[in-house]
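User: I'd like a close look at how one short helix sits between its neighbours. Here's the model I have in mind.

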Amino acid sequence: MTVTDVAATAVLYPLFLVFGVLQFIVALVINTPALVAWALSGKAKRRFLESLWGAVHKQPLGRELISTLMGILSTYTGSVSPFIAQVDATETLVQLTERPWLRNPFTSIHALAIANAAELASGLLATRATEHFGGRVIVTNISVAYDRKARGVISCHAQLTPEQVRQVESMASSAQAGKPVDESLVIQVNVLDSKKEIVSRLQATWVVRVSGGKRA
Ligand SMILES: *[C@@H]1O[C@H](CO)[C@@H](O)[C@H](O)[C@H]1NC(C)=O
């Protein structure tokens with residue numbers, strides 16, 4: 001942070017927090033019918049992320065709502081205010097906006113703020129890809145490369161390779177056959193700026209586990 005950033009943060013950060021709370025309330029009110037339908041559908045248990053995303057992402061402020069809910073479930077991740085732009089079975093997109101309180105002294109986004117948002121993209125993908133067969137995921141290694149200064153809005157794009165899609169399908173078959181699963185999924189996240197240039201790359205190893213014998 002520079003002196004200007006400190007001054008800007010002192011003024012803007014409290015306003016940003018208040019705005020966030022107000023937006024969350026409005027998003028909750030608008031999306032109450034969708035959330036109630038989702039809760040009653042019974043899908044929340046086995047396909048939590050997939051069904052929550054399906055229920056609200058096209059609604060007004062739906063993605064803002066999911067982003068805030070995830071920020072509440074994982075407060076440390078929420079501290080950089082990531083925006084969850086896309087959650088699909090094989091790819092996710094998380095955006096991070098440069099703000100004075102996320103800047104380093106070199107006037108770009110702090111390395112670990114980027115890592116935080118990129119890790120979220122990888123974790124959402126690991127969860128989304130494996131939750132339907134009862135997979136539990138935990139991160140065991142994160143490695144991040146920084147290629148250039150990150151400025152403006154950056155996009156953290158996580159995607160499964162075709163080989164990983166097959167790996168996930170085979171894990172699902174094992175789980176459905178009642179066999180235990182204990183495998184690593186190394187998820188690659190490319191972080192791009194608005195000019196589509198790669199600013200950073202993250203690799204996160206997620207261990208996927210299903211205990212055997214109780215899944216149908
Ligand atoms: C973490 O993963 C990276 C690349 O994916 C690898 O190079 C590194 O050795 C791993 N670190 C540890 C401590 O295992």
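At what angle do H2 and helix H3 cross, and how close do their axes come? Please walk me through what H2 touches on either side.

Analyst: Keep in mind that this is a predicted model. The axes of H2 and H3 (residues 62-73) cross at roughly 145° and come within 8 Å. As for handedness, H2 passes H3 in a right-handed crossing. On the H2 side, the contact is built from Leu 52, Trp 53 and Val 56, and H3 brings in Gly 62, Leu 65 and Ile 66. Sort those residues by type and you get 5 nonpolar and 1 polar, with no charged ones.

Now for the other partner. H2 spans residues 48-56 and packs against H1 (residues 3-41) at an angle of about 145°, with the axes 9 Å apart. That crossing of H1 and H2 is right-handed. Here H2 offers Ser 51, Leu 52, Ala 55 and Val 56, which meet Asn 31, Ala 34, Leu 35, Ala 37, Trp 38 and Ser 41 of H1. This contact splits into 7 nonpolar and 3 polar residues, and again none is charged. Leu 52 and Val 56 turn up in H2's contact with H1 and also in its contact with H3.

A word on H1 itself: an unreviewed UniProt entry puts a "transmembrane region" at residues 12-40. In the model that stretch is 100% helix and 0% strand, and its end C-alpha atoms sit 39 Å apart.

Notes. Residues numbered from 1 in each chain as written. Predicted model: local features only at pLDDT ≥ 70, side-chain atom pairs only at ≥ 80, totals over all residues. UniProt positions renumbered as here; feature names shortened; annotations may be inferred. Helix = DSSP H or I, 4+ residues; strand = E, 2+ residues; numbered from the N terminus. Axes fitted to C-alpha atoms, helices over the stretch in contact; angles between N-to-C directions. Left-handed = near helix turned anticlockwise from the far one by under 90°. Contact = placed C-beta atoms within 7 Å. Nonpolar A, V, L, I, M, F, W, Y, C, P; charged D, E, K, R; others polar.
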